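Visitor: Please pick one part of this model and take me through it closely. Then set it in its surroundings.

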Amino acid sequence: MEIENLFKNKLKEIGEILNAKSEEISDVGVLSGISGVALFQFYYSKFLEDDSFADQGAENLMRMVELINTGNVLPTFCTGVAGACWVLEILKEEELVALDDDFLSSDLDSFLLEVMRKDIKKENFDFLHGAIGYGYYFLKRYKNSSSQKLKNKYKKYLDELVISLKTLAKQNDEEIWWESPLQIGGKDKGCNLSLSHGVASIINFLARLGELTVFYKDVHELLIKASGYILAHQNNDKTLSATFPNWVVEGEVNEGYSRLSWCYGDLGIGISLLRVGEVLENRHIYDEALRILKKSTRRRDPKEAGIHDAGLCHGTFGILHIYNYLYKKTKDEDFRKAMIFWAEQSLQIDIHKNGYAGYMVWNVNDEEQWKPDTSLLEGIAGIGLSILSYLSPFDSKWDESIMIG
């Protein structure tokens, strides 16, 4: 009960801060921008059974549309237009707003399609900043559209992305994978295994397509072979706490540490493999995913786990939310205990007097290493949504924004 009361107080702080800080946010995307803040406000309003936060969320959506209309925003899922439009779809799906199928301009879809094509040419299949993010939005539109004409349009877009994934994949006799730069601006290429930027997000996306009969045959082989590639690249050194390294470079020994987090490491990979196993009804992949995820629950040293801050991306609330999701899904006690442990850890690191609700983000590449943040991915909007999922008597779909739900 103590955790619940402390979390309720934390939600109150977060709600007040986000109402005060919203006008300072210039990005529009779900993970780093104003639409992610609005997402929290709508769900918090539902939790409180009080329209005031939904009213503030509606104002932020209007501001989001105004920012998009200026043309001075990025297109990506994380930061820009694709993510902002995805938020409108999820709010409509959750019946938190009322919107028609054709509420978005067809010019906007054409723009996002062209950006997706440009990223495909560059083999940029990044979820947060590349082609998979646009496909993720198009998939949501496909599923939510009642018009067959619109469904046909989005299916065509999605088919184009799947064909590109097939064409550009690296492969051997039994496995496929996709390569990308391993460092921003770096020349080295390899297979990034992560959920945020790498192959785990690709199989997660393809599995969501595979849930729909119309796409199942087209993605089946991709899912089998790409999952096989991931599972074949587990650390051979069983003394390591992590099951997977961060990436694989062909011809090199690929073993090593990965943090405990949503963005990189075993949690994001395990969640994605679990979804593949379910969709394909493949017991081997499902059981391997569950084993990987259960092993991760033994990592209880925040320093060893690479934990500095609280956000969803690489902090305690991201870990808490994943174990909360897994416990609800499996009723496994290992996940419940891990969930409670990371809830307690989350309440112990609200120590920043200059932070928001006591929290700041650790930016290892920035001279000002600690910064307050409002966003869903790294800041208090995401922390608030994680708390709402912990406390709420109702299920919610906000975590589809980070490929969990």
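**A helix and its surroundings**

Guide: Take the contacts (heavy atoms within 4.5 Å) in the protein with a separation of 6 or more: residues 24 or more positions apart account for 65% of them. This is a predicted model: local features need pLDDT of at least 70, side-chain atom pairs count only at pLDDT 80 or more, and totals for chains, interfaces and linings use all residues. Residues are numbered from 1 along each chain as its sequence is written, and side-chain values use heavy atoms, with hydrogens and water left out.

The overall frame comes next. The protein has 14 helices and seven strands; these are DSSP runs numbered from the N terminus (helices H or I, at least four residues; strands E, at least two). Its radius of gyration, taken over C-alpha atoms, is 20 Å. The globule rule (2.2 Å times the number of residues to the power 0.38) gives 22 Å for 405 residues, so the protein is as compact as a globular protein of that length. Along the principal axes, its C-alpha atoms fill a box of roughly 55 × 50 × 45 Å. Of the 405 residues, 59% are buried. Buried means under 20% relative accessible area, exposed over 50%, partly exposed in between (1.4 Å probe, protein chains only).

My pick is helix α4, residues 81-93. Twelve of its 13 residues are buried, so α4 is largely enclosed by the rest of the structure. The run of buried positions starts with V81, A82, G83, A84, C85 and W86. It goes on through V87, L88, E89, I90, L91 and K92. Note that E89 and K92 are on that list.

What covers those residues? The cover includes helices α2 (34-48), α3 (52-70), α5 (106-121) and α6 (131-144).

Check the length of α4. At 1.5 Å a residue, its 13 residues should span 18 Å, and its end C-alpha atoms are 18 Å apart, which agrees. The expected span is 1.5 Å times one less than the number of residues. Just after α4, the backbone of E95 takes a positive phi of about 60°.

Now look at α6, part of that cover. It has 14 residues, of which 13 are buried. From first C-alpha to last, α6 reaches 20 Å, close to the 20 Å expected at 1.5 Å a residue.

Helix α4 also feeds the largest nonpolar core. A nonpolar core is a set of buried Ala, Val, Leu, Ile, Met, Phe, Trp, Tyr and Cys residues joined through side-chain atoms within 4.5 Å. This one holds 140 residues, and those touching the most other members are F7, F138, W178, F205, L206, W262 and Y323. Its largest share, nine residues, comes from α4. In soluble globular proteins, nonpolar side chains tend to be buried together.

Follow one of those hubs, L206. Leaving aside neighbours within four places in sequence, L206 is in contact with V162, L165, V219, L222 and L223. V162 sits in helix α7 (residues 148-168). At 4% relative accessibility, V162 counts as buried. With residues up to four places away left out, V162 touches L206, L209, D218, V219 and L222. For a sense of distance, take V162 and L376: they are 214 residues apart in sequence and 28 Å apart in space, C-alpha to C-alpha.

Next, helix α8 (residues 199-210), where N204 lies. N204 counts as buried, at 0% relative accessibility. Beyond residues up to four places away, N204 touches L195, I271, S272, R275 and M403.

Then the sheet. Three strands form an open sheet in the order β3-β4-β5, with antiparallel pairing. Strands pair if DSSP finds at least two bridges between them. The edges are β3 (180-181) and β5 (247-248), each pairing on one side only. Two bridges join β3 to β4; P181 has K189 of β4 as its bridge partner. Two bridges also join β4 (residues 189-192) to β5. There, C191 partners V248 and N192 partners W247.

End at the outside. T239 is found in the loop between α9 (213-232) and β5. T239 is exposed, with a relative accessible area of 71%. F317 lies 78 residues from T239 along the chain, and their C-alpha atoms are separated by 27 Å.
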